[in-house]
Amino acid sequence: MILQSLDQYYTRLEDDPEIDVAPFGFSRQKIAFRVNLNSDGSLHGIEDVRRQEGSNLVPVAMIVPGGAKPSGAGINPNFLWDNAAYMLGFKPDDPKPERTAQSFAAFKKRHCDLEEEIGDDEFSAVCRFLATWDPARASDFPFLAELTSGFGVFRLRAAQHHVHDRDKVLAHWRRQLNPGDDHEQAAVGQCLISGDTTVLARLHEPKIKGVMGAQTSGAAIVSFNLDAFESYGKLQSFNAPVGQMSAFRYATALNHLLRAGSKQRLQIGDATTVFWTEKPTAAEQFMSFVFDTGAAEDEGLRTQLHTLLSQISSGNYPHELGDPNTAFFVLGLSPNASRLSVRFWHESTLRDIVTQLAKHFDDLAIDRTQRDPPFPALWQILRETARESKDIPPLLSGALMRAVLSGTPYPNSLYGAVLRRIRADRQVRYLRAAILKACLNRNTRHRINPLQKELPMSLDPDRPEPAYHMGRLFAALEKAQEDALPGINDTIKDRYFGAASATPASVFPRLIRLSQHHLGKLEKPSRIYHEKRIQEICQRIDSFRPHLNLQDQGLFAIGYYHQRQDIFSKKTDSNSIQEQE
C-alpha cells in the first residue's frame with residue numbers, strides 16, 4: 001500500500017500545473033554552472049548560475065535527462081549534463097588527473113558518437129565544443145574551483161532553452177528508455193504496483209534522498225543486496241517485481257515530499273516523516289506545524305496555528321483543512337545503511353486524524369504555567385526521555401507516532417524512560433507529568449492495568465490510590481522545608497525523591513520527623529497552615545508500602561506535581577486578591 005499510494009500521489013503531481021515534477025527517465029538535479037556556446041561550437045563563456053541564499057550560493061534545481069549516478073559506478077557519463085570533471089575535464093586540486101581525463105574522454109565519446117543519429121544543430125555544436133575543448137582553459141573561470149557540489153548544462157548563446165530541451169534530443173532520449181526486444185537481459189513480469197505486465201526494475205531508481213542520517217547519495221526503500229534475501233533464483237529487486245515506470249514514479253513522488261523546504265516533511269526522533277492527502281488540501285500546508293508546533297516562526301502563522309489547535313483540542317473539525325473525508329497518509333522513514341527502514345505507515349482520513357489528535361491533546365492536558373506549551377510537539381515529548389537527543393531510543397519515535405495517529409496506548413518504553421529521567425535528575429516538570437498522565441489514562445481506557453478512574457488535569461484530593469497521596473505528601477513536606485529555610489539550595493527532593501517514589505517505607509518516617517523541625521521554625525499561622533495540609537494528606541494514606549511498582553511511581557510523580565501546582569496557584573491567587581484590596 002505504501003508504494004501504491006506514492007504512485008497515485010505522483011499522478012496527482014503530474015496533473016498539477018504548478019508542480020514541475022520530473023517525468024519518467026528524467027530527474028531533478030542541482031545545477032551550478034552553464035556552458036554557453038556559439039552556434040559553431042566555440043565557447044562563449046561558462047556561467048555561474050547559483051543563486052544567493054543568505055550568505056551562501058546554492059545550485060538551482062533543473063529537470064535533466066537520466067538520474068544520478070550510483071556510487072562506485074566507474075566511468076559513467078551523463079547525457080548533456082554532469083560535473084566539471086566529465087563536462088570540462090577539470091577538477092580542483094585533482095588527486096587523480098588520469099581518471100579526470102578518462103571521464104572527459106568518455107563524456108566526449110558518448111556525445112560525439114550520437115551526433116549523426118540525433119541530427120540536431122545545437123547538439124552538433126556541443127559535439128564540436130567537446131572535440132576542440134582544452135581542459136586547461138577551465139582555470140580561466142575561477143569560480144569552477146570553488147564548486148563543492150552541483151552540475152553543469154549546455155546552452156547556445158541567446159537561446160531561451162538548454163540543449164537537453166531540444167525536440168530531437170528529447171525524442172532520442174525517450175527512445176532509449178524502452179529496452180525493446182533486443183535487450184535480452186530485460187526482465188518482464190507483472191508489476192506489484194500497477195498490475196501491468198512490463199519491464200521490471202532491477203534497481204529502484206531514483207534513489208531516495210532527504211532522510212536524515214541516510215547516505216547523501218541516496219538510499220533505497222526496496223533493496224536486496226545479499227543472496228540470503230533472494231528467492232526462486234531471482235536477483236536483487238526482481239524479488240519484489242516492480243515495473244521501471246512504477247519504481248520511478250513512487251521514488252520521484254517520495255523525493256518530492258522529502259525535498260528541502262517541503263512543508264510536508266518533519267523530523268520526529270530519528271524518523272523523517274512525510275504526509276500527504278489524496279487530493280490537494282490545506283492540511284498538507286498545516287499538518288507539519290500541528291505535529292511540530294514550534295516550527296512556526298511567523299507571528300501571524302503562530303496565531304493561526306494556535307486557533308487551529310484550539311479547535312482540534314476542543315473536538316471541533318477545522319474546515320480550513322479541507323474535506324474531512326479526504327484520505328490522509330503518513331510515512332516515517334529511518335536510515336539503515338544504504339536502505340531505509342519504515343518506522344511507521346498510517347492511512348486514514350482527515351476527520352480521523354483530527355479526532356485522534358484531539359484525544360492526544362486531551363490526554364496530555366494538565367495544569368501548567370504560561371511558559372509551558374499548551375500543545376507540545378512530538379519531538380518535545382521525545383526529548384523528555386533522554387539526557388541528549390542522540391540517546392532517545394531509535395524505535396520510540398515510530399511507536400509514539402503510531403499511538404498518536406491510531407489512538408492506541410502509548411508505548412511502555414515512553415512511560416519507563418520518563419520515570420528514569422525523573423529519578424535521574426529529580427525534576428517533575430510539566431511535560432513529564434503530562435506524559436505520565438497520558439500513558440496511565442490511555443492504559444485505563446484500553447483496560448491495561450487500569451486505574452479506578454482516569455487522572456484529571458488538576459489536584460484530586462479524593463483519589464483512591466495511596467501512591468498518589470504519597471506524592472502529594474512529599475510535595476507538602478518539601479514546601480514546609482522551603483518556607484522554614486528560605487533560599488535553601490537543596491531540598492528533600494534533591495536527596496530523597498528517588499527513594500521516596502520507589503521505597504516509601506524506608507524514607508517517609510524520616511521525612512515526617514524532619515518536618516517537625518522545619519515546622520518549628522515557622523510563624524504560628526504558617527505552621528498551622530502547613531500542619532493542616534500535611535494532616536489532611538496523611539489521612540489518605542493507611543501505611544507506607546515497602547515498594548511501589550512502575551504504575552504507582554507514575555502516580556507518585558503526578559501527585560507530587562499536582563500538589564506543587566495547587567500550592568503555587570493558590571499563592572498566586574492570594575497575592576492577586578491582596579493587590580486588589
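Three exercises on a predicted model follow, each with a worked solution. Local features need pLDDT of at least 70 and side-chain atom pairs count only at pLDDT 80 or more, while totals for chains, interfaces and linings use all residues. Residues are numbered from 1 along each chain as its sequence is written, and side-chain values use heavy atoms, without hydrogens and water.

**Exercise 1.** Compare the expected span of helix α10 with the distance between its end C-alpha atoms.

*Solution.* Helices (H or I, at least four residues) and strands (E, at least two) are DSSP runs, numbered from the N terminus. Helix α10 covers residues 350-364, which is 15 residues. The expected span is 1.5 Å times one less than the number of residues. For α10 this gives 21 Å, and the end C-alpha atoms are 21 Å apart, so the two agree.

**Exercise 2.** Find which strands stand at the edges of the open sheet of 4 strands.

*Solution.* Strands pair if DSSP finds at least two bridges between them. The order is β10-β11-β12-β13, with antiparallel pairing. β10 (265-268) and β13 (339-349) each have a single partner strand, so they are the edges, and one side of each lacks a neighbour in the sheet. Within the sheet, 6 bridges join β11 (residues 271-277) to β12 (residues 327-336); Phe275 has Val330 in β12 as its bridge partner.

**Exercise 3.** Identify the element that gives the largest share of the lining of the second largest pocket.

*Solution.* The lining has 18 residues, with Val428, Arg429, Tyr430, Tyr561 and Gln565 nearest the pocket centre. Elements giving two or more residues are α11 (378-383), α14 (430-445) and α19 (550-580). The largest share, 5 residues, comes from α19.

Terms used:
On a 1 Å grid over the protein atoms alone, a cavity is a set of points where a 1.4 Å probe fits but cannot get out, and a pocket is an open set with protein on both sides within 12 Å along at least five of seven lines; lining residues have an atom within 4 Å of a point.
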